[in-house]
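Colleague: Could you zoom in on one small part of this model for me, a place where neighbouring strands meet, and then show me how the rest looks around it? I'm new to this, so please explain the terms as they come up.

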Amino acid sequence: MTTEARRRLWLAMGVTVVLLAVLVQPGRAAGAGPRVLTVAVSQSVDSLSPFLAQRMVATTVHRLIYENLTNYDVKDGRAVPGLATSWTASPSKLIWTYAIRRGVRWSDGRPVTAADAAWTFTTMMKDPEAATAHGSYTANFRKVTATDPHTLVIELHKPQATMVALDVPIVPRHIWSRVRDFSSFNNDRTYPVVGNGPFVLTDFRVDRFIRLKPNRTFWRGAPHFDELVFTYYKDGDAAVAALRKGEVSFVHGLTPAQAAALGKEPSIAVNDAPGRRFFALATNPGARSLDGRRFGSGHRALLDPAVRKALIHATDRRTIVEKVFRGHAVEGAGYIPPRFRSYFWEPGAGQRMDFDPTAAAALLDRAGYRLKGNGKRLGKDGRPLRFRLLCHAIDPNDKAVGRYLQEWWGGLGIDVRLDCRDNVSDPWLRGDYDLAFDGWSVSPDPDFVLSIHTCGALPATPSGTGSTDNFICDRRFDELYRQQSAEYDAARRADLVKRMQSRLYDTGYLHILAYPNAVEAYRTDQIASITTMPEDGGNIWGQDGYWSWWSAQPTVGAAARTSLGPSAGSVLSGMAAALVFALLVAGLIARRRRATADDRA
């Protein structure tokens with residue numbers, strides 16, 4: 001072997017050692033490294049800014065890295081201390097005083113004070129863009145002040161029932177006061193992100209992962225895992241396969257078939273609990289903005305109540321529950337899921353729109369939508385009725401229900417085209433849909449999910465976003481919303497919320513199809529215990545708080561994994577790849593040196 005050959009070989013071996021050191025870092029070998037809790041997710045982050053984010057995965061992260069003034073008790077959903085240790089109201093209920101927890105620090109070491117909370121709320125009051133996600137909570141605020149580092153005072157224009165359920169993350173003033181444009185700042189430029197919750201956000205890559213580390217100084221106690229990672233899987237079957245291999249610890253949103261198969265696995269536990277979400281069909285009511293301009297391309301026939309109600313009568317909710325959800329859901333009725341008993345409402349016999357294709361056809365006939373001899377029903381413009389149905393490409397339930405709707409509504413002579421996309425947000429915000437599958441998670445206090453159907457939630461301009469769900473603006477609904485938001489008597493407020501649901505039901509703009517169960521699974525050889533909400537038979541994913549991931553206990557003796565969870569086989573593959581790469585590097589260096597020598601000669 002020549003001297004030059006030996007030198008290239010030593011160089012290749014050196015590169016190999018360096019690469020292997022990266023792949024198999026000290027402390028990360030099986031049984032010796034950090035304990036990582038990996039959660040499979042499919043939903044993209046809309047924003048990491050708590051002033052903008054509305055999607056579940058993003059708001060979940062915010063509950064982990066920022067504290068609200070209050071939290072929801074894991075047992076029964078009542079208000080419990082969070083950043084605020086106590087609160088009092090004046091006799092008029094117009095002045096609320098909160099005692100801010102002492103000795104709490106931001107993750108960069110700066111103290112958390114009442115001034116941070118006052119700045120957060122005041123910013124939302126002054127800047128419409130900062131009010132995008134949670135503006136309904138501060139719309140009635142008159143003034144917010146920090147009278148001292150541990151006392152926050154909120155003055156109201158009128159009584160407000162949500163003052164112990166302000167679902168607003170408090171952010172550090174010394175960080176966020178630098179932001180100049182809240183409409184574009186997504187809180188994803190600098191890591192770690194400064195917060196005060198049980199976790200610290202340390203890294204994020206779009207549609208790849210969200211990585212968090214424990215906040216070791218969290219006042220309630222640090223989480224038990226060394227790292228929490230949300231890893232993206234566009235396909236649900238791929239996420240389930242990763243769970244089986246041990247590459248992820250937890251998967252949610254399982255289909256009945258997936259849950260049944262996983263239930264037979266010896267190291268996997270399936271949790272099937274009543275959910276806090278509704279699954280609905282939203283109708284475009286004619287997208288418009290607060291300045292009065294209309295936009296979008298919603299079908300005009302759907303502005304006719306007779307058409308909307310005919311479509312409801314031509315939809316078999318029971319079949320959806322039995323055939324699509326395989327019994328892992330409850331048939332839809334009112335807007336608030338039955339899990340929240342005090343607010344749950346369902347229509348009576350005289351109001352309920354049951355599956356009745358004959359009644360649906362009669363409604364259309366009487367309203368002037370004629371059925372031609374070829375079986376096609378015509379709109380009032382003489383053209384066949386054809387509706388676009390916006391759906392999520394990654395959601396098998398959307399597609400399955402969509403096919404049923406094509407069959408049922410086809411029987412009325414109405415064509416339906418499924419418009420399934422990876423990103424439904426863009427056409428939705430533009431108003432470019434006729435109907436769309438919809439769904440929200442409801443909190444113990446329902447104010448927010450009610451507020452998104454008020455006129456005030458509409459975008460300021462056609463190019464804005466607002467907090468509206470699907471552009472509903474109904475004055476009777478708004479008046480009931482104003483009444484319930486100021487009602488402190490629990491029974492009277494519940495009655496107003498039920499009347500709101502009745503009004504929403506009658507408009508036909510939002511058809512609640514089902515209340516799906518929370519069907520999820522986790523590896524018992526990685527997670528020894530985890531808290532559900534409510535504790536007795538509740539869900540793990542999408543809680544009103546940080547309880548599940550904060551409480552999760554690693555299984556004793558479980559093998560440690562890297563933050564991306566590779567198996568031993570993939571590590572070995574990485575070693576082999578490193579060796580091949582090193583040899584290629586050696587060859588490349590040799591070729592470059594030959595070229596350089598030749599050039600000089």
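Modeller: Let's start with one pair: aspartate 203 has arginine 211, in strand β9, as its bridge partner. Keep in mind that this is a predicted model, where local features need pLDDT of at least 70 and side-chain atom pairs count only at pLDDT 80 or more, while totals for chains, interfaces and linings use all residues. Residues are numbered from 1 along each chain as its sequence is written, and side-chain values use heavy atoms, with hydrogens and water left out.

Now the strands themselves. Strands (E, at least two residues) and helices (H or I, at least four) are DSSP runs, numbered from the N terminus. Two strands count as paired if DSSP finds at least two bridges between them. Strand β8 (residues 199–205) and β9 run antiparallel and are joined by six bridges. The hairpin they make has three residues between the strands, and there aspartate 207 takes a positive phi near 55°.

β9 also pairs with strand β10 (residues 227–232), in the antiparallel sense, over four bridges. Look for phenylalanine 209, which stands opposite threonine 231 in β10. How much of β9 (residues 209–214) is buried? Five of its six residues are, so β9 is largely enclosed by the rest of the structure. Buried here means under 20% relative accessible area, with exposed over 50% and partly exposed in between (1.4 Å probe, protein chains only).

Let's step back for a second. The chain has 17 helices and 21 strands, and buried residues make up 53% of its 601 residues. A contact means heavy atoms within 4.5 Å. Of the contacts with a separation of 6 or more, 70% are between residues 24 or more positions apart.

Other strands join into open sheets. One has four strands in the order β4-β5-β7-β6, with antiparallel pairing. Its edge strands, each pairing on one side only, are β4 (84–89) and β6 (141–148). From one strand to the next, the twist averages 20°; angles like this run from 0 to 180 degrees between N-to-C directions, with axes as lines fitted to C-alpha atoms, for helices over the stretch in contact. β6 pairs with strand β7 (residues 151–156) in the antiparallel sense over six bridges, and aspartate 148 has threonine 151 of β7 as its bridge partner. Helix α3 (residues 114–126) lies across β5 (95–100), β6 and β7, running at about 160° to β6.

Another open sheet has six strands, ordered β14-β18-β13-β17-β15-β16, with mixed pairing. At its edges, pairing on one side only, are β14 (329–331) and β16 (415–421). Ignoring direction, neighbouring strands of this sheet are turned by 30° against each other on average. β14 pairs with strand β18 (residues 510–516) in the antiparallel sense over three bridges, and valine 330 stands opposite tyrosine 515 in β18.

Strand β19 (residues 518–523) holds alanine 518. Why does alanine 518 count as buried? Because its relative accessibility is 14%. Leaving out residues up to four places away in sequence, alanine 518 touches Asn271, Asp272, Ala273, Pro274, Gly275 and Asn539. Alanine 518 and asparagine 539 are 21 residues apart in sequence, yet 5.9 Å apart in space, C-alpha to C-alpha.

Helices can be covered too: in α2 (residues 56–65), ten of ten residues are buried. Loops also have buried residues. Serine 467, in the loop between α13 (447–451) and α14 (475–485), counts as buried at 16% relative accessibility. Serine 467 touches Gln54, Thr132, Ile452 and Ala457, again without residues up to four places away in sequence.

I'll finish with two more strands to look up on your screen. Both belong to the six-stranded sheet: β13 sits between β18 and β17 in its order, and β15 sits between β17 and β16.
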